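The exercises below ask you to work through a structure step by step. Try each task before reading its solution.

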Amino acid sequence: MAVDWRRNLAALWLAEFTAILGFSFAFPFLPLFLHRELHIPNGPELSFWTGVAASATGFALALTSPIWGRLADRYGRKPMLIRAMIGGGISVGLMGLSQSALQLTVLRGIQGASSGTVAAATALVATETPAAHLAWGLGILSSAISLGSAVGPAAGGLATSFIGLRAIFLGGGAMLLLAAIPVLFVVRESPRPMARMEAPRTMEVLHLARAGTVGALAVLIVAQGLQQTSYGAAQQLVVLRLLELTGAKESQFLTGITFAAAGIATALASLTYHRLLRRTTYRRLLIAGALLLGLALLGAASAATPVVLIVAFVIASFFSGALIPAFGAMIGLESPAIVQATVFGVGSSAIALGFGLGPLLGGLVASAAGIRAGLVVAAGLAFTLTALVGFRAREPRPSLASP
């Protein structure tokens with residue numbers, strides 16, 4: 001019986017929306033949790049621990065993503081997605097019980113090592129969706145991630161007023177466990193005869209594909225890491241800057257509003273980027289998006305009021321949101337189906353490395369030279385990304401712009 005890829009996409013949309021809602025329910029409030037619940041004083045020490053705790057998940061995920069991707073190629077994408085949601089749910093819930101910055105950092109590392117829902121869901125969509133609908137399908141999945149990132153902080157900010165900062169971690173963990181239900185009961189995966197046999201060597205398969213595939217994928221994977229490093233650095237620095245401009249109580253409310261608006265902007269970009277491909281190419285879209293991301297982050301660095309800071313960050317989120325599914329579609333079009341999950345796993349590792357390196361780099365720069373300097377560094381990384389895709393990226397074949 002043929003797999004209904006539309007049914008799969010609908011179920012994965014719901015699952016990823018719920019999972020990211022769980023992650024983002026508490027994540028934006030990490031600096032506030034460190035400050036108010038774990039009693040880290042505002043200033044360089046808070047910037048340092050914010051960077052360390054926020055980066056732990058990314059570094060752990062970077063180490064484990066290729067392993068999970070290889071296992072997905074051998075045993076299936078669906079089991080890996082269920083595993084990621086359960087592992088993430090347990091680790092996020094336990095964070096609400098942490099009693100020190102070190103305990104929180106360790107739990108963030110466990111979360112990274114045990115989760116990775118985005119890579120698993122992306123691999124499922126990429127392998128089960130017809131090539132003619134791939135760009136659209138990945139945009140739809142990315143919209144779920146972005147929308148979850150929008151609703152989560154707003155709901156988390158509201159929840160903190162009633163149940164406190166610790167309880168929102170427990171709530172986030174519960175949402176991740178619930179996210180596994182539609183995957184378990186609705187999502188179907190095509191049978192793969194080689195799944196439990198010895199998997200082919202990834203590099204051998206890639207060398208037999210279109211000439212230059214290895215180099216093209218390497219550029220895209222590095223670019224994904226740069227994009228996440230830039231945006232990941234800015235995320236926590238914006239929260240710290242809001243705390244600096246307004247104070248603890250008001251910044252809690254503004255953080256929820258900021259990340260909700262940023263998530264909506266990212267979702268809109270994810271849903272509409274494929275329409276731009278009717279008038280341009282993937283490569284031109286990447287160049288423009290990366291350049292405008294850097295300019296928006298420079299605007300955030302120069303902002304002297306909360307309103308200007310929030311607007312600049314939301315604009316940056318829009319351009320970041322257009323880059324994410326474009327990278328995913330290009331990697332999907334470049335990778336042979338038999339090793340796609342492995343390639344997406346390596347790509348997820350690069351994204352996770354950026355997710356770890358960004359907050360750490362931003363936190364270290366902010367603790368030494370100030371929060372604005374950290375945002376300037378984030379913008380500089382976006383400009384580096386612009387140069388990389390401008391000079392080294394190639395247009396995938398075929399370039400399928402519309403569903």
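A salt bridge is a side-chain nitrogen of Lys or Arg within 4 Å of a carboxyl oxygen of Asp or Glu. The model used in these exercises is predicted.

**Exercise 1.** Decide how glutamate 334 and arginine 394 are joined, and which parts of the chain the pair ties together.

*Solution.* Start with the distance: the closest N and O atoms of glutamate 334 and arginine 394 are 2.9 Å apart, and the two residues form a salt bridge. Next, place both partners: glutamate 334 belongs to helix H12 whereas arginine 394 lies in the segment after helix H14 (371-392), so the pair ties together parts that are 60 residues apart in sequence. Finally, consider accessibility: glutamate 334 counts as buried, at 7% relative accessibility, while arginine 394, with a relative accessible area of 21%, is partly exposed.

**Exercise 2.** Work out how glutamate 244 and arginine 241 are placed along helix H9, and whether each is buried or partly exposed.

*Solution.* The count of salt bridges comes to three, and one of them joins glutamate 244 to arginine 241, with the closest N and O atoms 2.4 Å apart. Because these two residues are three residues apart in helix H9, about one helical turn separates them. Their accessibilities can then be read against the limit that buried means under 20% relative accessible area: arginine 241 is buried at 8%, and glutamate 244 is partly exposed at 48%.

**Exercise 3.** Classify the aromatic pair of tyrosine 231 and phenylalanine 313, and locate its two rings.

*Solution.* A search of the whole structure finds seven aromatic pairs. In the pair of tyrosine 231 and phenylalanine 313, the ring centres are 5.5 Å apart and the planes stand at 5 degrees, so the pair is stacked. Tyrosine 231 lies in helix H9 and phenylalanine 313 in helix H12 (residues 306-334), so this pair ties together parts that are 82 residues apart in sequence. Both tyrosine 231 and phenylalanine 313 are buried, and together with Phe259 they form one aromatic cluster.

**Exercise 4.** Describe the surroundings of glutamine 227, beginning with the helix in which it is found.

*Solution.* Glutamine 227 is found in helix H9 (residues 213-246), and at 3% relative accessibility this glutamine counts as buried. Leaving aside neighbours within four places in sequence, the residues in contact with glutamine 227 include Leu323, Phe327 and Leu385. Ser320 is also among its contacts, and a polar contact of 2.5 Å joins the side chains of glutamine 227 and serine 320.

How values were computed:
Residues numbered from 1 in each chain as written. Predicted model: local features only at pLDDT ≥ 70, side-chain atom pairs only at ≥ 80, totals over all residues. Heavy atoms only, no water. Helix = DSSP H or I, 4+ residues; strand = E, 2+ residues; numbered from the N terminus. Buried < 20%, exposed > 50% of the residue type's maximum accessible area, 1.4 Å probe, protein only. Polar contact = N/O pair within 3.5 Å; in protein donor to acceptor, adjacent residues only side chain to side chain. Contact = heavy atoms within 4.5 Å. Phe/Tyr/Trp six-rings, centres within 6.5 Å; stacked < 30°, edge-to-face > 60°.
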